[in-house]
Amino acid sequence: MNTNISATNQVELMCLRELSARIGNDPLLTQASTGNTSIKLDGVLWIKASGKWMADAIREDILMPLDLADVRERVKQKVDPAYRYCGASIETAMHAILPHRVALHVHCVNTIAWAVRQDAPVQLQRQMEGLCWQWIPYVPSGLPLAQTIEKVLSAFPHTDVFILGNHGLVLGGDDCGAVEDLLFEVQRRLAIRPRQSDSTDYAVLVEIADGSTWDLPDDDEVHAPATDPISREILSLGLLYPCQAILSRSSTSTLFRSVPCPILRTNRTVDTVLGPS
C-alpha cells in the first residue's frame, strides 16, 4: 500500500483530525474512546484506531491507514477486517462499505434517547422528514452492522444518515464540512429538552461516599437519572444500549441501585448515580 501523503491529502487529513477533535470534546456526542471517523484518500482508508480518543486527534496520531480494497474484499468474504488489522476500529468494516468519502459514527445522546424507544422508527419519520436517512434495527458492532448497512444501501443508495437502534448515529458525505453540517442538522432535529428533576442533596451523598468506594459527581445533570422518578423507573429495567454496559463496568444488567443512607434515622434509602472509583 502506498502511504506517501500528498500535500492535498495532508490538508484533508488535518480537516478530519480537527473535526474529530471537535466531536470528541462534546460529551453529548462522544463518551471516552467511543465513536470513530474516517476518510478515503487514493485507495487508503484512514480511520480512527481502536481505543484512541477523538478528543486527542490534534495532539496524537489517532488515524490508521488501511488498504481500502483489501478491507472491502475481506468484508465481501465475510471476514471482519478488524481481526486482520491489529488496532483497527471495530467499525472498520462499516466505514469501508460506506460509499461516502468521509464518514463519522457517534454515540449522540439525543439520538440514542430516540433510538432506545420501541416506537423510534415511527417517531423519527416526523423528526427526520426531508433527509436521506434510514433506520437500522440493533445489530452487534463490526461485520454484522456493516452487512446490515450494506443491504440498506443496496435498496437506498443515496442514504447519508443512519440511525442505529439502541446504538447511535452514522453520517456520510463528500467532505468534513458537509458531514459536520449534516451532524448539526440532525442534532437540531433530535434535540430533547430534559425534564426538570428534583434538586440533589449533596450533604447526604457526601456522607454516603465518605470512606467508601464511591465517587461523587459534582454535576447536577449527572444526578438527574437518580432524582427524576421517570428516569429511575426506566433505568431499573436494565441496559438500554451497549455502552452502558461497557462504561459502567457492570457484570449484570443492573446499572443503578439504592444504597442505605447512614445519616437518616429512618430506613430510607437514596437512589444514587455514584460510581465505583
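Author: A helix here is a DSSP run (H or I) of at least four residues, and helices are numbered from the N terminus. The model is predicted.

Reader: How many helices and strands does the protein chain have?

Author: The chain runs to 277 residues. Its count of helices and strands is 12 and 11.

Reader: Which helix holds both Glu 185 and Arg 188, and how far apart do they sit in sequence?

Author: The side chains of Glu 185 and Arg 188 meet in a salt bridge, 2.7 Å from N to O. About one helical turn separates them, because they lie in helix 8 (residues 176-190) at a spacing of three residues.

Reader: Is Arg 188 buried or exposed?

Author: Exposed means over 50% relative accessible area. Its partner Glu 185 is at 23%, so Glu 185 is partly exposed. Arg 188 is at 56%, so the label is exposed.

Reader: Which residues are joined with Glu 185 into one network of salt bridges?

Author: Glu 185 also forms a salt bridge with Arg 189, with closest N and O atoms 2.7 Å apart. Those two are four residues apart in helix 8, about one helical turn. Shared partners make one network, which joins Glu 185 to Arg 188 and Arg 189.

Reader: How many residues apart in sequence are the parts that Arg 101 and Glu 12 tie together?

Author: Arg 101 and Glu 12 form a salt bridge, with closest N and O atoms 2.4 Å apart. Arg 101 sits in the loop between helix 4 (92-97) and strand 4 (102-106), while Glu 12 sits in helix 1 (residues 7-24), so the parts tied together are apart in sequence by 89 residues.

Reader: Which label fits Glu 12, buried or exposed?

Author: The cut-off for buried is under 20% relative accessible area. Arg 101 has 29%, so it is partly exposed. Glu 12 has 18%, so it is buried.

Reader: How many salt bridges are there?

Author: Arg 101 with Glu 12 is a salt bridge, and Glu 185 with Arg 188 is another. The full count is nine.

Reader: Over which ring does the charged end of Arg 84 sit?

Author: Pairs between aromatic rings come to zero. A charge does sit over a ring, though: the end of Arg 84 is 4.8 Å from the centre of the ring of Tyr 85.

Reader: Which helix gives the largest share of the largest nonpolar core?

Author: This core has 35 residues, and Val 106, Met 128, Val 161, Ile 163 and Leu 171 have the most contacts inside it. The largest share is six residues, and they come from helix 8.

Reader: How many residues are in the other core?

Author: Nonpolar side chains tend to be buried together in soluble globular proteins. Here another core lies apart, with Val 75, Ala 93, Leu 153 and Val 170 among its members. Its count of residues is 17.

Reader: Which residues of helix 8 does Met 128 touch?

Author: Leaving out residues up to four places away in sequence, Met 128 touches Trp 133, Val 161 and Ile 163, among others. Helix 8 covers residues 176-190. Within that range, the residues touched are Val 186, Arg 189 and Leu 190.

Reader: What distance separates the C-alpha atoms of Cys 243 and Gln 31?

Author: Cys 243 is in helix 12 (residues 242-248). At 10% relative accessibility, it counts as buried. Gln 31 is 212 residues away along the chain, yet the C-alpha distance is 9.0 Å.

Technical notes:
Residues numbered from 1 in each chain as written. Predicted model: local features only at pLDDT ≥ 70, side-chain atom pairs only at ≥ 80, totals over all residues. Heavy atoms only, no water. Salt bridge = Lys/Arg side-chain N within 4 Å of Asp/Glu carboxyl O. Buried < 20%, exposed > 50% of the residue type's maximum accessible area, 1.4 Å probe, protein only. Phe/Tyr/Trp six-rings, centres within 6.5 Å; stacked < 30°, edge-to-face > 60°. Lys NZ or Arg CZ within 6 Å of the ring centre and 35° of its normal. Core = buried A, V, L, I, M, F, W, Y, C linked by side-chain atoms within 4.5 Å. Contact = heavy atoms within 4.5 Å.
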